[in-house]
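Q: Please take a close look at the nonpolar interior of this structure, and at the aromatic rings that go with it. A connected account suited to a first-year student would be welcome.

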Amino acid sequence: MTNPSLLELPRGVQLVYLAEGGANVIYRFVAAPIKSTLVVREPKRPASVSSIVIDEPSVPPGFQGKLLRLRKKTAGDISYKEINRNFNTIVRPLFRPEELVDQSLILLPGGLIERCNEQLSAAELNGQRPKKRFGGYLCADEPFGLLITDMTTFDEPGATLAELKPKWLTQSPSAPSMARRCRTCALREMKNDSARSIGSKEQMSFCPLDLVSGCYEDVLGATAFIKGCNDRARLARILFHNPVLHTLRAQQTTWAQVGLLGPPALSQKSSLDMTLRDCTMFIKIPHDENSPVEIRLGDLDLKTGAGGKATYWRKIEMQLLDGGWYLGSNSSQDPSECALQYTTQ
């Protein structure tokens with residue numbers, strides 16, 4: 001018998017592919033017909049790959065302002081039921097509701113995953129799917145999806161969406177006391193050194209310490225590397241006055257079992273500490289400057305040390321230490337964006 005309190009996705013709701021990562025695919029609910037090889041729904045009669053029949057042309061009120069997230073088959077293979085339980089019991093209590101991309105479990109109608117996978121396969125043939133995602137398909141035995149807060153601007157003309165990875169807003173506890181690079185900048189410079197050696201493109205980004213320095217000019221400088229909003233001064237004012245980044249830093253300070261203090265190699269233990277250092281901040285900015293800005297943190301699935309992740313985290317930390325990347329003493333390191341660049345020794 002179905003749990004009466006559990007949300008169920010109605011048959012016939014129209015979905016359109018929005019984006020995907022390594023572990024999930026995100027779909028939008030839409031009301032009007034859209035000709036796309038990535039449209040999926042419950043057909044009442046046979047339909048071609050490029051033209052799918054719509055059963056119900058309206059978006060149910062309960063799904064307005066929401067996106068549907070579906071899980072891929074991955075090595076970790078953690079069920080949405082467990083992911084959602086961890087979110088509700090471990091992550092949700094750390095933040096105010098308006099600071100999080102919310103999520104809730106929803107039961108999927110039979111056959112939906114199979115049809116979505118058919119459309120992903122068709123999209124590969126049509127060149128409508130990113131090549132790096134080829135071959136990754138939804139988990140056929142996952143009965144649930146996740147309804148998540150819609151942070152897109154499809155229904156808000158003139159609005160813009162900026163997003164960033166705040167990463168390490170505090171220094172790694174393993175870093176040398178006289179470090180001249182924060183954890184994020186040290187890792188970026190080490191990766192850029194490897195990129196140069198094989199002729200690949202180097203990465204440019206901000207120092208996360210600038211975002212929480214308490215200095216507006218530091219925040220303004222960081223916005224040069226944040227995509228999605230051309231008005232850097234406005235974005236800097238938003239970030240400078242909004243408390244979400246400082247709340248995240250406070251939680252990172254509390255949950256600091258990271259670096260060499262993190263999970264031992266081969267550990268299966270969950271790591272809220274690493275989860276808080278790999279989330280995404282979404283900033284939805286309305287065209288009208290007098291309208292409220294929406295800032296939420298997402299990508300907060302609880303990480304685990306399983307599948308070699310704990311070993312990888314410790315390996316990276318040792319490479320940063322042994323290579324002198326924290327100290328800025330590696331011969332390949334140039335002047336840096338890092339806030340610690342000019343720390344006196």
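A: The model is predicted, and a good place to enter it is Leu-239. Leaving aside its neighbours within four places in sequence, Leu-239 is in contact with Leu-211, Val-219, Thr-223, Ile-226, Leu-245, Met-281 and Ile-283.

Leu-239 belongs to the largest nonpolar core, which has 33 residues. Leu-239 is among those with the most contacts inside this core, together with Leu-235, Met-281, Ile-283 and Leu-297. Two of these, Met-281 and Ile-283, also appear among the contacts of Leu-239 itself. In soluble globular proteins, nonpolar side chains tend to be buried together.

Several elements give two or more residues to the core. The helices are H1 (80–91), H5 (216–222), H6 (232–241) and H7 (244–254), and the strands are S8 (160–164), S10 (280–285) and S11 (294–298). The largest share, four residues, comes from H6.

A second core, separate from this one, has 18 residues, and Val-13, Tyr-27, Phe-29 and Phe-63 are included in it.

The aromatic rings come next. A pair of aromatic rings is described by the distance of the centres and the angle of the planes. The structure holds three aromatic pairs, and two of them are described here.

One pair is formed by Tyr-17 and Tyr-27, whose ring centres are 6.4 Å apart and whose planes stand at 85°, so the arrangement is edge-to-face. Because Tyr-17 lies in strand S2 (residues 15–20) and Tyr-27 in strand S3 (residues 24–29), the pair ties together parts that are ten residues apart in sequence. Tyr-17 is buried, with a relative accessible area of 14%. Tyr-27 is buried as well, with a relative accessible area of 1%.

Another pair, Tyr-216 and Phe-240, is also edge-to-face, at 6.0 Å centre to centre and 90° between the planes. Tyr-216 lies in helix H5 and Phe-240 in helix H6, so this pair ties together parts that are 24 residues apart in sequence. Both helices are among the elements that contribute to the largest core. Tyr-216, however, is partly exposed, with a relative accessible area of 25%, and Phe-240 is partly exposed at 28%. Since buried means under 20% relative accessible area, Tyr-216 at 25% and Phe-240 at 28% do not count as buried.

Aromatic rings also meet charged groups in this model. The charged end of Arg-28 sits over the ring of Phe-154, 3.7 Å from the ring centre. Likewise, the charged end of Arg-277 sits over the ring of Trp-168, 5.1 Å from its centre.

Note on methods: Residues numbered from 1 in each chain as written. Predicted model: local features only at pLDDT ≥ 70, side-chain atom pairs only at ≥ 80, totals over all residues. Heavy atoms only, no water. Core = buried A, V, L, I, M, F, W, Y, C linked by side-chain atoms within 4.5 Å. Buried < 20%, exposed > 50% of the residue type's maximum accessible area, 1.4 Å probe, protein only. Contact = heavy atoms within 4.5 Å. Phe/Tyr/Trp six-rings, centres within 6.5 Å; stacked < 30°, edge-to-face > 60°. Lys NZ or Arg CZ within 6 Å of the ring centre and 35° of its normal.
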